[in-house]
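Student: I would like to go through this model with you, from the whole chain down to single side chains. Where should we begin?

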Amino acid sequence: MGPYRLGRMNADDTHHAPNPPAWTRRGFIATVLATGALAACGGSDDASTSTPGSVGAAGTDAAQTDAAGTDAAGTSPEDGYTIVQRFPQAVQVPGELRLPVSLSDGEAALLQDGPSTLGAQVFDEQGTAVGGRIEAARRDAVPGPYYDFRPTIETTGFYVLQVEGGTPEGASFDVADPSTVVVPIPGQPLPPLDTPTVTDGAGVDPICTREPDACPFHDITLTEALASGKQVAYYVGTPAFCSTGVCAPGLESLIEVQDAYADTHVFVHAEVYTDDTATTLTPAVEALNLFYEPVLFVTDTTGVILERLDAVWNTDELVEVLDRSRA
């Protein structure tokens, strides 16, 4: 992929247009397919990265911030930010996308003190800018802050998200034909499933790996929740075995807000593995054809998916999504 970057914002807020990228289609597609999200099933967490109740805090001290290569003003590293994708590939479809990314200084650590607001531009595979400049606020989460860009792209194909002050390669992603996407998408019904409950584990033990206590979202099955006449917030993730440390905080955010939405939403949680050996996937994963975690589906009162949050979110973004869903 040829060199290109978005210009940095000057003191007078003048935006410098990027140089157009140059690449081959074959190289571009290879880059997209090789780029993984910071979300995957399997592996064991370090307890320090998945402490319940830590959503909304950066979880860093001054020494860590200095090591990340930024100062209090959130300036970028000398060579530019490296984008760490925190969204899965092959699940984006035409329309408004959600592309959460984190920043790194190239030393494998996520920056804990990036800019409060970050600008970006999407390019297609010919290097043509798609839409205008977009912007996202920094959201604090575990294991590091993220920016949830939401560009609108109406055409399938391969694209690059380039952030201001970032390295030339940006973040490659694809927008797929909905008929080829195996994970349910907004506008489709959420498939019912008799998920494990406190009275019927349905072959899953433990039914919830949250510690020290199981979460309160196992009183009814997903099938019963979808028939309740309320909206459903359905979370699939494993707090104990999520390899990136985001599943426990994601679940804690749901617990934090559940009382505020009890009149309109039913919350249901399903684990990823059938037991604590973390070797066999649950029917919840298989029913949705999931290949990443965590994921949250928010439906309307008829069970049609309104929004899907993939991989990472914090309490603030969750509240925004739930508020929109009941508007």
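Tutor: This is a predicted model. Begin with the surface: the protein exposes about 13700 Å², and carbon and sulfur atoms supply 51% of that area.

Student: What percentage of the residues in the protein is buried?

Tutor: A residue counts as buried when its relative accessible area is under 20%. Among the 327 residues of the protein, the buried share is 53%.

Student: How many helices and strands make up the secondary structure?

Tutor: Contacts in the protein between residues at least 6 apart in sequence are a useful background here, and 71% of them join residues at least 24 apart. The secondary structure itself comes to six helices and 13 strands.

Student: Which elements do the buried residues of α4 pack against?

Tutor: Helix α4 covers residues 247-257, and 10 of its 11 residues are buried, so the helix is largely enclosed by the rest of the structure. The buried residues include Cys 247, Leu 251, Glu 252 and Val 257. Their packing partners are β10 (231-236), β11 (265-270), β12 (295-299) and α6 (315-325).

Student: Cys 247 is among the buried residues of α4. Which cysteine does a disulfide join to Cys 247?

Tutor: The structure holds one disulfide. Its S to S distance is 2.3 Å, within the 2.5 Å cut-off. Both of its cysteines are buried, and the partner of Cys 247 is Cys 242.

Student: Is the disulfide of Cys 242 and Cys 247 right-handed or left-handed?

Tutor: The handedness follows from the torsion about the S-S bond. For Cys 242 and Cys 247 this torsion is about 60°, so the disulfide is right-handed.

Student: Cys 208 is in no disulfide. How far away is the nearest cysteine sulfur?

Tutor: Cys 208 is buried, with a relative accessible area of 7%. Cys 215 is also in no disulfide, and is buried at 6%. A disulfide needs sulfur atoms within 2.5 Å. The nearest sulfur to that of Cys 208 belongs to Cys 215, and the distance is 3.7 Å.

Student: Turning to charged side chains, how many salt bridges does a search of the whole structure find?

Tutor: One of them pairs Arg 133 with Glu 135, with the closest N and O atoms 3.1 Å apart. Arg 133 is partly exposed, at 35% relative accessibility. The search of the whole structure finds 14.

Student: Arg 150 forms a salt bridge with Glu 307. How many residues apart are Arg 150 and Glu 307?

Tutor: The closest N and O atoms of this pair are 2.6 Å apart. Arg 150 lies in the loop between β6 (146-149) and β7 (152-153), and Glu 307 lies in strand β13 (residues 305-310), so the pair links distant parts of the chain. Arg 150 is partly exposed at 23%, whereas Glu 307 is buried at 14%. The separation along the chain is 157 residues.

Student: Which residue meets Asp 310 in a salt bridge?

Tutor: The N to O distance is 2.9 Å. Asp 310 is buried, with a relative accessible area of 6%, and its partner is buried at 10%. That partner is Arg 308.

Student: Which residues do salt bridges with shared partners join into one network?

Tutor: The network contains the pair discussed above, Arg 150 and Glu 307. Its full membership is Glu 96, Arg 98, Arg 150, Glu 307, Glu 317 and Arg 324.

Key. Residues numbered from 1 in each chain as written. Predicted model: local features only at pLDDT ≥ 70, side-chain atom pairs only at ≥ 80, totals over all residues. Heavy atoms only, no water. Salt bridge = Lys/Arg side-chain N within 4 Å of Asp/Glu carboxyl O. Buried < 20%, exposed > 50% of the residue type's maximum accessible area, 1.4 Å probe, protein only. Helix = DSSP H or I, 4+ residues; strand = E, 2+ residues; numbered from the N terminus. Contact = heavy atoms within 4.5 Å. Areas by Shrake-Rupley, 256 points an atom, 1.4 Å probe, with all protein chains shown as cover.
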